[in-house]
Amino acid sequence: MCGIVGYTGSREAAGILVAGLRRLEYRGYDSSGLATVDAGRLHIRKRAGRVRELENLIHRQPAQGSCGISHTRWATHGPASDTNAHPHLGGRLGTAGLALVHNGVIENHASLRRELEAEGFVFASETDSEVIAHLIARALEKTGDLFTAVQLVLPMLEGTYGLGVVSQAHPGLVVGARMGSPLVVGVGEGEHLLASDAAAVAPHTRQVVYLEDGEIVQLTPGKIEIAHRERGPVAPRIDRIDWHPDLAELGHHAHYMIKEIREQPMTLVDACRGRLSRRDATACLGGLNLSPRTLRKIRRIVLVGCGTSAHAALVGEYLIERIAHLPVEVEYASEFRYRNAPLDERTLVFVLSQSGETADALGALREANRRGHPTLAIVNTVGSTIAREARGGVYLHAGQEVGVASTKAFAAQVAVLALLALYLGRLRHLSFSDGLDIVDALESAPGLIEEALKVEPIVKSAAEQIATARTVLYLGRDLLHPVALEGALKLTEISYIPAHGYPTAEMKHGPIALVDRDSPCVFLAPRCSLYSKTLASIEEVRARGGHVITVGTEGDRVLPGLSNTFLPIPDAPEILLPLLAVIPLQLLAYHTALKLGRDIDKPRNLAKSVTVE
Ligand code: M6R
């Protein structure tokens, strides 16, 4: 949530900062701003609205200077407005010479604000962030050194931060600090960048330094200096970005969401590449860093995540229980981190996260680690905080996901969980031939998803009906129950139509009260062991005059007759049904939102990675 980009070098900073913000805009997009330092002067430009508003402003009022910081905001304290946009100025009235951008939340901002106001500092915004700017300005009055001033202030802050600071008295210097909110340094030649996400620095350099919590950095065009709050100077650890920034370009697609939906056949190829062994009829997941001997002793698995990642985890629960016969519990990360969930040495905890930066997921990982329980991660973003803090895990290799609505990451998570189920199963009772069936199934998944995507023209007409719905019920059983939850989440978050997902048979225990012509029911009813029971539930809705949309197996002769719209998916082994049934639901959400003219890739109030609690 929120994005930071900083630059110091010999090029004009404003263009680089705005281009970087564009790459991070999906993380928060209610206002943006920048500060450049030029000839001992600060130039501040900020605007409510999207980054293009800031860009227009800079066209009219250029901001010179080859050093600066910038920010795209997701509001926490104070609404989206020009004044609440970052950067914030620090200093006493008329002398403000310092600008700051902040990601995160300062929990003790109210008491700090009172203290500063009593000393004569005047606040321009309603944000919690502005207190940090004034605190640093006050410390700067004493020390005269920006790096030292930032170091003096950090212990006063309770909460989380990723910071970028510049001062008119320190041209060419950008100071950054991290606690609970990611920051990365881009290492260039004669220039350096600071960003909350490597995507912003990737077009300029492949060399990066990921800051750790408690670290403070000062960047000049020729130097990087890092210190830890408690441990003192730290030698920079240079990593390489091994993905290409252009992969996230929109190409001919109208939105990232539809691009990412259509990428899913390749997502499956990438998630399974090099991880399937026909010879042993198993999966190879070396990144778990656990020996087969240790894994054989495991008696229970806990899967933790938020939103779509939690839904993928629920699919994982069905897969692991079915294939590996291990009990699995799925927990919302936000609940897990504050519950005293019993964990023992025979329990494996996995945190699932596309971004690897979700505050609740990270909190859950840290809580499990703190209790001495080695925790593993299933993460997409390489080098993200969760990936670095986990004791091992599996990368999704789904490439950058830009649309706020997660689609291809779900597919990759389900694929990785199927691989995990296969691996754990083969370490136990699963026979060679049953293992080989799963290998075959996973190898056939990309082609089947390609087939499933052909449903798009029919989905477009179903979207006409959904667009005018009062509410929508998504119903699925067994492996498809989590897919129903995911379909409802997708529709709600990008079309703003209330939607609810339930296990199909739960409908009669309450949700059936919603059934009428204006509240369609979307049934997930492909051929599987519970098919005929699902038909009975569909009849119950029809008997009450309900509008029925079904996702079923191509060639089904019964379902089309029971449905107002029938959305076919190819016939497939049961374990692949979540990957296939989710496709029409993702498309349905997309085309409904399109019809309603919603801002699909940047739905209101949301952000791609939720880095606040
Ligand atoms: O990056 P994560 O997987 O940790 O994100 C978790 C949720 O915030 C995320 O899945 C969210 O629910 C999406 N907007 C759903 O489309």
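This text follows one helix, α17, through a helix pair and then into the lining of a pocket, in a model that is predicted.

The helix pair consists of α17, which spans residues 481–495, and α20, which spans residues 577–595, and the two pack with their axes 9 Å apart at an angle of about 15 degrees. Since angles under 35 degrees count as roughly parallel, α17 and α20 are therefore roughly parallel to each other. The sense of the crossing is right-handed where α17 passes α20.

On the α17 side, the residues that meet α20 are V483, E486, G487, K490, L491, I494 and S495. Facing them, α20 contributes P578, A581, V582, L585, L588, A589, Y590, T592 and A593. By residue class, this contact of α17 with α20 divides into eleven nonpolar, three polar and two charged residues.

Helix α17 also has a part in the second largest pocket, to whose lining it gives two or more residues, as do helix α10 (307–324) and strand β20 (347–353). The space in this second largest pocket amounts to about 570 Å³. Its lining is made up of 25 residues, of which C306, G307, T308, K608 and V610 are the closest to the centre of the pocket. Among the elements, α10 gives the most to this lining, with four residues. As for the character of the lining of the second largest pocket, its residues divide into nine nonpolar, twelve polar and four charged.

Notes. Residues numbered from 1 in each chain as written. Predicted model: local features only at pLDDT ≥ 70, side-chain atom pairs only at ≥ 80, totals over all residues. Heavy atoms only, no water. Axes fitted to C-alpha atoms, helices over the stretch in contact; angles between N-to-C directions. Parallel < 35°, antiparallel > 145°, perpendicular 65-115°, else oblique. Left-handed = near helix turned anticlockwise from the far one by under 90°. Contact = heavy atoms within 4.5 Å. Nonpolar A, V, L, I, M, F, W, Y, C, P; charged D, E, K, R; others polar. 1 Å grid on protein atoms, 1.4 Å probe; cavity = no way out; pocket = protein on both sides within 12 Å on 5 of 7 lines; lining within 4 Å. Points joined across faces, edges and corners; volume = space filled by probe spheres on them.
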